[in-house]
Amino acid sequence: MKVDYIALSIPIFFILIAVELVYAFYKKLNYYRINDSIANLSQGIGSQLVGIFLKTITFFGYLYIYEHWRFFSFSNTLYTWLLLFMGVDFFYYWFHRYSHQINALWAAHIVHHQSEEYNLTVALRQSWFQSGFSWMFYLPLAFVGFEPIMFLTVSAFNTLYQFWIHTRAIDNMGPLEWILNTPSHHRVHHGSNPKYIDKNHAGTLIIWDRLFGTFQKEEEEVVYGITTPLASWNPLWANFHYWVELFNTFKNADGLKEKFSVFFGSPGWFPKSMGGRQYPKEIDMDKYQKYSPIYEPKFNAYIFFQFVFSLAIASILLFTASKLSTIQLVSNCALVILGLTSYGALMEQKNWAKTIENFRLILWLVLPILFTYAPFFTYLVIGNTALVFLSFIWFNRLARN
């Protein structure tokens, strides 16, 4: 039986985020900004919803090789679990390292690095499409003969481990720094400082970075984010902006070799006609400013309320996906993602933000009514209709004032 440990851990994630938030508030530490945190969590929600459709494909890829091509069969012993843990962590290192060194992979993984803050919400800022290729790095484990459910379990806990290291509240951890991936090591990994780029790719164990020459100790103050800031709270743009950049470069590249290198070269590679390779520049802290567009604070409460509503709907979708038809699942996932995009547009004060938000609210009134025969919507349609109707009135009063 497959158990989605990551989905089951969502309540714990939010409890720990609340603890860190209270700690930061008590200590007067600027760890959180509401716009950045909502953008981070929006990426996490989108990743889980898209994952509903991708997880089955990736699982059956591993399962097929295990059932038809495995060399050995391992018994369910403690030693097997330990060996599998080392194998998963080893291949995670290489998946993570190549995700920073190959443009086509970086185009997906870049999402996780876009935040200019570093707190526990950043751990949930995940690419929507990374799982579409990351599973291929683990296929040697299927060939060797590690049982698929065991693999999924260990892989999930490798991911869960990495949640807590996305914090500035924990400093150096002494001797553990030699073996484990710690908050200090992972802060380095999220740095856009030239000396920190492409360092510390570890999942659970930092030993792989030490062995393969990618380790960097945390020294100077870390500046978080990517070398060319995203400058947007839009979750759709966050997932596709680097692809747009790559295709623009592809159009200007000469010859098959250059065009191939656009996607399979490393980040920073450009054709000679476009200036050649570009290297990250040192950051002038006197001029450095985080992306934080001015917007009307009157929308704060509304955006927060609607975001919590979208989070609740997304959580229900995760746990009832098997009970819904494909059209119900696709349409409601799309509605949630539309909402996340709308909140980002409102926080950026886009000219089209009010139009898309009204459009979203109208859809939320109509679509659930069409699906009243589904168990999920039967119980929620009346409450949903009332809530959305009140939201429509609330939003338009704010927009007029």
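Accessible areas are obtained by the Shrake-Rupley method with a 1.4 Å probe. By that method, the accessible surface of the chain in this predicted model amounts to about 20,000 Å², and 68% of that surface belongs to carbon and sulfur atoms.

**Figure 1. Overall fold of the chain in the predicted model.** The chain contains 18 helices and zero strands. Its C-alpha trace spans about 60 × 55 × 55 Å along the principal axes. The radius of gyration is 22 Å, which agrees with the value near 21 Å for a compact globule of 401 residues. Of the 401 residues, 51% count as buried. Among contacts between residues at least 6 apart in sequence, 75% join residues at least 24 apart.

**Figure 2. Close-up of the largest cavity.** The structure holds two cavities of 30 Å³ or more, and the largest cavity encloses about 90 Å³ of space. Its lining is formed by R33, D36, Q114, S115, E116, R125, L230, A231, S232, W233 and Y291. Divided by class, this lining comprises four nonpolar, three polar and four charged residues. The lining includes the sequence neighbours Q114, S115 and E116, as well as the run L230, A231, S232 and W233.

**Figure 3. Close-up of the second largest cavity.** About 40 Å³ of space lies in the second largest cavity. The residues that line this cavity are F305, Q306, F309, R360, L361, W364, L387, V388 and S391. Two or more of the lining residues come from each of the elements α14 (300–320), α16 (353–370) and α18 (381–400). By class, six of the lining residues are nonpolar, two are polar and one is charged. Within the lining, F305, Q306 and F309 fall in the range of α14 (300–320). Likewise, R360, L361 and W364 fall in the range of α16 (353–370), and L387, V388 and S391 in that of α18 (381–400).

**Figure 4. Close-up of Q130 and its contacts.** Q130 is located in the loop between α6 (120–123) and α7 (131–134). The relative accessible area of Q130 is 11%, so this residue counts as buried, the cut-off for that class being under 20%. When residues up to four places away in sequence are not counted, Q130 touches F95, A108 and H109.

Notes: Residues numbered from 1 in each chain as written. Predicted model: local features only at pLDDT ≥ 70, side-chain atom pairs only at ≥ 80, totals over all residues. Heavy atoms only, no water. 1 Å grid on protein atoms, 1.4 Å probe; cavity = no way out; pocket = protein on both sides within 12 Å on 5 of 7 lines; lining within 4 Å. Points joined across faces, edges and corners; volume = space filled by probe spheres on them. Nonpolar A, V, L, I, M, F, W, Y, C, P; charged D, E, K, R; others polar. Helix = DSSP H or I, 4+ residues; strand = E, 2+ residues; numbered from the N terminus. Buried < 20%, exposed > 50% of the residue type's maximum accessible area, 1.4 Å probe, protein only. Contact = heavy atoms within 4.5 Å. Rg over C-alpha atoms; globule rule 2.2 N^0.38 Å.
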